[in-house]
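Visitor: I have a protein chain here and some questions. Could you walk me through parts of it?

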Amino acid sequence: MPLLLAELTWSTGWWMACLVIFAILAGVLWWGYGGKTVSGQVRFVAIGLKLGGFALLVLCLLEPLWRDRSAKPGANQFAVIVDNSGSLQIRESADGPTRGENLKDSLLAGVREGGWLESLESFFLVRQYKTGVRLGGLEDFSELDFNSPSSSLFGSLQNLQNRFEGRPLAGVLLFTDGSATDLVGDIDFSTMPPIFPVLPGTGVVPADLAIGSLQITQSQFEDSPVTIEGQVLAQGMVGQEVAVKLSNDEGKEVAREIHVFQEGETSWGARFRFRPEKPGLSFYRLEAIQLPSSGEKSEAIPEATLINNHRIVAVDRGTGPFRILYVSGRPNWEFKFLRRALQEDDELDLVGLIRIAKKEARFDFRGRTGESSNPLFRGFENQEDEETEQYDESVLIRINTRDAKELVGGFPEEAEELFAYHAVIVDDLESAFFKTLQHTLLEEFVNKRGGGFMMLGGLESFGEGGYARTPIGSMLPVYLDSNGAGHPAEYRWKLTREGWLMPWARLRSNEVEERKILGQVPLFRVLNLANGIKPGAVTVAGVSEMDEVDSQPALIGHRFGKGRVMALTVGDLWRWGQVEPELQEDMAQFWRQALRRLVADVPERVSIEIKKAGTHGSQAVSLEVRAADKEFNPSGNVMVKLSVTHDDGDKIDLDTEPSTKEAGLFQAFFLPREPGAYRILAEVLNEDGVQIGKAESGWVADFEVEEFQSLEFNREFLETLARETGGEVITLDKLDDLVKRLPDLEAPVMEVWSRPLWHSPWVFLCALGLFGAEWVLRRMKGLP
């Protein structure tokens, strides 16, 4: 049976003898007071006083013992953990010490003779630690500098628990403000020893500015494809004019927003829409600053800290050029305007393959006697029969090819050649142009390679081109109509409800100007009808006849496998470019935005994915590199080199390990030691050490910002931690009282002690007091 806390026991079993003695004494007293002429009340009081004294003396015959237990001196260990993170640098008043300075003074005072640390060490084996990014030993409190960029409180407590596993750890004194950066989700603290959080101040902050949550949105909208929204948190800034600056990684200011905080206003959203000056990965800095009042050189309001006034964000626009293969059944206006539009975009490279004559039967329209080549090419430099288009072949011209060999055999028949492109556009070209193998290859191009595919309307497109029940037709986001082309009519272009919500489908940033532009778009006359859109497809734009309310789908898109497929059922969009110059530029912008949407998210042969690797908010990241061959099959027999560069120039090379779960996947782990921006470069080399591809990415380690996300004490977390572990939350001024009580609390190693009450002088003094009171009462009443 477990020993009860603080129990009274008896050393002898003479209960019957003691009761007999007490009864005899009571009878004698009653008989002695019976013949005296006193009132009944006085008699009972006098008898009670004397019986009380006799009772104490009789109880001493039973030898009562007071038994209790407490922590055994020197047998238990106690941990002292001090939060050494930067959040302790906060000042709770403009001219007062920081929380860290206040805490450090109290800790050093405890080391002196008679201090709390000496009292703690008299009962426990004390171990001192400091925590920040990780748990570490602490020889002397003077080592504290409060410069650690994060507070891994949960991780440190787990580490401490593992260190003391199987050892008698009685509890933990945790000096912290509770600003833990590694708390995610529900955490069970019940298995930990008693934790006693000690707060280093009041937790009140008079004034501060901070950049809170950030949201980054990227789109194919040409004028401002990147939107950054930042929440500015303010405390004690009523009437103060505040500016938020957006600067690039070279320190150049890109934009600025200004706001004046009113009474009761504690947050404000700053929004920046801009176009990055260069493609690829860039880092931008948001910074909140106070501005002097209008017309005055007023001083800024002192803030609790300036560390949380800025944040860094990563913006990756991708690096081109993105190569797009345009295949057309005849020379047309569409290619002219499309090519002209993309000349202004260095990231989109349009390659043309245009048929200028269909294939003919060998026995029709022969040329000169013995001539088998097509006379359309007579007179050109290339006169080799095996390289000149024959009568039974389509006559194709290549435009903007990379070299003389590209597309020399017409539309690709090998995956290695086709998969080198990011997207394919088919315009006014019948299904029979493609061989069965090429149909299947195009389907794999989208489904497996993740490329983009777009079909434009025309007399030989969609259903009219015989694409129903073909691999290409199965990819399209619309059900094909066997009739194909619509009846002669004039069609008005308009955005659907979904289209209004897609920045890439709009040409202006506001609704009024967009509706004005849509009203100026000329009427179209060629439309390929569809039997409806497929499940999961989205109609971005539609067309309707002048007097009709209902519209036909004109621009539709959906995901197919790893890629994206779009359908433009209008066959004469070129009319848009044959009007005023301003409308020509609008059409060019539409093409650029639509094709950027088409190639968005198209994977490269080498790609990098950055994932959080740690638990509970750890800044560790998993770097995953995927490598593929020219046919986009996973490449396992390669070497991957990784290098990580901090924004201060420090570079670290990492080794990668191939994944055992996925072919072509290589992994490495990295734990940033300093906050800031990190760039990662992955190079993939073949067996001969020749580079076959590379990729760049980056991320921001902003744990210092998380550290200062809230300047007030996280009392809710600390109270939960203390309650679930059996501790309590105190302030620095209550530390001495707590240390004095700790030996009486439950500990892993306890000792039982007993004290005989009958040896206590207080028992005899109480008995003498009762006898004396009875004697005084008798004298006062004149009794013998």
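Guide: The questions below go from the core to the surface. Keep in mind that this is a predicted model.

Visitor: Which helix gives the most to the largest nonpolar core?
Guide: That core has 51 residues, and M454, W493, L555, W591 and L595 touch the most other members. One helix supplies nine residues to the core. The helix spans residues 581-599 and is α12.

Visitor: Which residues does M454 contact, leaving aside neighbours within four places in sequence?
Guide: M454 is one of the core members that touch the most others. Set aside the neighbours within four places in sequence. The contacts left are V424, I425, V426, L555, M566, L568, W591, L595 and L598.

Visitor: How many residues are in the second core?
Guide: This core is separate from the other one. Among its members are L325, L441, A530 and A567. Its count is 37 residues.

Visitor: Is R592 buried or exposed?
Guide: R592 sits in helix α12 and pairs with E344, 248 residues apart. The closest N and O atoms of this salt bridge are 3.5 Å apart. E344 is exposed, with a relative accessible area of 54%. R592 has 2% relative accessibility, and the cut-off for buried is under 20%, so R592 counts as buried.

Visitor: How many residues apart are R679 and D249?
Guide: Their side chains meet in a salt bridge, at 3.4 Å from N to O. R679 is in strand β32, while D249 is in the loop between β10 and β11. R679 is partly exposed at 26%, and D249 is partly exposed at 35%. Along the chain, the two are 430 residues apart.

Visitor: Which residues are linked with E662 and R626 in a network of salt bridges?
Guide: E662 and R626 form a salt bridge, with closest N and O atoms 2.9 Å apart. E662 lies in the loop between β30 and β31 and R626 in strand β27, so the pair ties together parts 36 residues apart in sequence. The network also takes in E609, K611 and E624.

Visitor: What is the area of the nonpolar surface patch that includes L19?
Guide: L19 is found in helix α1. L19 is exposed, with a relative accessible area of 53%. M16, V20, I24 and V28 join L19 in the patch. The patch area is about 510 Å².

Visitor: What distance separates the C-alpha atoms of L183 and L153?
Guide: L183 is found in the loop between β6 and β7. L183 is partly exposed, at 29%. L183 and L153 are 30 residues apart along the chain. Their C-alpha atoms are separated by 8.3 Å.

Note on methods. Residues numbered from 1 in each chain as written. Predicted model: local features only at pLDDT ≥ 70, side-chain atom pairs only at ≥ 80, totals over all residues. Heavy atoms only, no water. Patch = residues over 30% accessible without salt bridge, like charges linked within 9 Å, V, L, I, M, F, W, Y side chains within 5 Å. Areas by Shrake-Rupley, 256 points an atom, 1.4 Å probe, with all protein chains shown as cover. Salt bridge = Lys/Arg side-chain N within 4 Å of Asp/Glu carboxyl O. Helix = DSSP H or I, 4+ residues; strand = E, 2+ residues; numbered from the N terminus. Buried < 20%, exposed > 50% of the residue type's maximum accessible area, 1.4 Å probe, protein only. Core = buried A, V, L, I, M, F, W, Y, C linked by side-chain atoms within 4.5 Å. Contact = heavy atoms within 4.5 Å.
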